[in-house]
Amino acid sequence: MELELEPLNLPSDNERPIVIAGPCSAETEEQVMTTAKELAAKGCHMFRAGIWKPRTKPGGFEGNGEEALPWMQRVKEETGMLTATEVATPEHVELAVKYGIDILWVGARTSANPFAMQSLADALKGYDGPVLVKNPVNPDLELWIGAMERINQAGVKRLAAIHRGFSSYDKKIYRNLPMWQIPIELHRRIPELPIICDPSHIGGRRDLIAPLCQQALDLGFDGLIVESHCNPDEAWSDAKQQITPEILDYILGLLVVRDEHTTTEGLRQLRSQIDELDNNLMDLLSKRFRICREIGTFKKEHNMTVLQAGRYNEILEKRGAQASLCGMDPEFAAHVFELIHEESVRQQLKIVNE
């Protein structure tokens, strides 16, 4: 299904992309207003704050709920900024609309649940504001697109995706693995859908926010949603990943916004070389698979198993070592040859089972 989309029509500057900023949680009226005024003074047009907070474990701060919504109204009245918050239930939608919240977003835990998404979609019928949908916690592009389709079928046309990374048991540098190939594939499939990056949740640490913002812009993302708090160290939730409005302004000032439409003659020539090499790669792969099919015929004639584990391990070790010598990541080479081997096995099984 194709999404029926209209422009988001959110405010932005010529110098920088769409930026939605504000604290993880609306903790107190004073904290909300102080942060909002500091952000507005730095030229921010949209203020975000969590009213209802889905925490991983019980016992953490789960938001002030309806009590905090008048604070968001005051932000809009006194600073002129648009307001945004997360909704997870039909009741949240009803209250957010009642108090004039301008932008709604759906969290990663909700977008992973088709039942919850359908309930939200039903509650959003007739809503004409922007709805932003975060990627599900697990790296499932179809689930992400399905969540947006449900919202779109309810009549919401001002729609965008938020990339916040994916949960992983194997923790590395990031709180959530970026897995950039998934939003890149989303953009390829639905080029007119705006994608906003959430560097706070991907990084989980203040020092990672600036490089992640730049990487998102380099990949052609349309905007950023960043957690900013007037006193991050004292934040009631996600303290490590929040930055002050002053630091946010500094980071935004350093960002390089590249023009994706400017193509120089030199770039055209380099792309032409890439196209030629890609054609050569496809030709080599075709020859490799032809030999694989001959091996499949040999295995069939001699009643041999298709999968030869020793040979497979030998290939991975050799190509990993070669990758290092060629300035490539051995894990990248291993992944490429895993895919090649998978296709080789598929083609040989077809021959053996004929």
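This is a short walk through one protein chain, from its overall layout to its cores, aromatic pairs and a pocket.

The model is predicted: local features need pLDDT of at least 70, side-chain atom pairs count only at pLDDT 80 or more, and totals for chains, interfaces and linings use all residues. Residues are numbered from 1 along each chain as its sequence is written, and side-chain values use heavy atoms, with hydrogens and water left out.

I will start with the layout. The protein chain has 13 helices and 8 strands; helices (H or I, at least four residues) and strands (E, at least two) are DSSP runs, numbered from the N terminus. Its C-alpha trace spans about 80 × 45 × 40 Å along the principal axes. Of the 354 residues, 44% are buried. Buried means under 20% relative accessible area, exposed means over 50%, and partly exposed is in between, with a 1.4 Å probe and protein chains only. Among contacts with a separation of 6 or more, 72% are between residues 24 or more positions apart, where contact means heavy atoms within 4.5 Å.

Next, the cores. A nonpolar core here is a set of buried Ala, Val, Leu, Ile, Met, Phe, Trp, Tyr and Cys residues joined through side-chain atoms within 4.5 Å. Which residues of the largest nonpolar core touch the most other members? They are F47, V131, V133, M148, I151 and L186, out of 67 residues in that core. Take V131: beyond its neighbours within four places in sequence, V131 contacts L104, V106, L124, I151, V156, R158, L159 and A160. A second, separate core has 13 residues, including I18, I20, I103 and I162.

L224, in strand β8, is buried, with a relative accessible area of 0%. Not counting residues up to four places away in sequence, L224 touches P17, I18, V19, I20, I196, C197, C213, A216, L252 and L255. By contrast, the C-alpha atoms of L224 and N113 are separated by 24 Å, with the two positions 111 residues apart along the chain.

Now one helix. In α3, residues 90-98, the buried positions include H92, V93, L95 and A96. What do the buried residues of α3 pack against? They pack against α2 (69-79), β4 (103-106) and α5 (114-123). After α3 comes G100, with a positive phi near 75°.

On to the aromatic rings. There are 2 aromatic pairs in the structure. Rings of Phe, Tyr and Trp (its six-membered ring) pair if their centres lie within 6.5 Å; planes under 30 degrees apart count as stacked, over 60 as edge-to-face and the rest as tilted. One pair is F61 and W236, edge-to-face, at 5.1 Å centre to centre and 90° between the planes. F61 is in the loop between β2 (46-48) and α2, and W236 is in the loop between β8 (223-227) and α10 (245-254), so this pair ties together parts 175 residues apart in sequence. F61 counts as buried at 19% relative accessibility, while W236 counts as partly exposed at 44%.

The other pair is W180 and F221: the ring centres are 5.7 Å apart and the planes are at 85°, so this pair is edge-to-face. W180 sits in the loop between β6 (159-163) and α7 (181-189) and F221 in the loop between α9 (206-218) and β8, 41 residues apart. W180 is buried at 13% relative accessible area, and F221 is buried at 9%.

F61 also appears around S25, which lies in the loop between β1 (18-22) and α1 (29-41). Is S25 buried or exposed? S25 is buried, with a relative accessible area of 0%. Leaving out residues up to four places away in sequence, S25 touches Q31, G50, K53, F61 and S237.

Last, the pocket and a charge over a ring. A pocket is found on a 1 Å grid over the protein atoms alone, as an open set of points where a 1.4 Å probe fits, with protein on both sides within 12 Å along at least five of seven lines; lining residues have an atom within 4 Å of a point. The second largest pocket is lined by 17 residues, and C292, I295, R311, I315 and Q348 lie nearest its centre. At least two lining residues come from each of α11 (265-301), α12 (309-325) and α13 (330-352). The largest share, 6 residues, is from α13.

R319 lies over the face of F337, 5.9 Å from the ring centre; the cut-offs are NZ of Lys or CZ of Arg within 6 Å of the ring centre and within 35 degrees of the ring normal.
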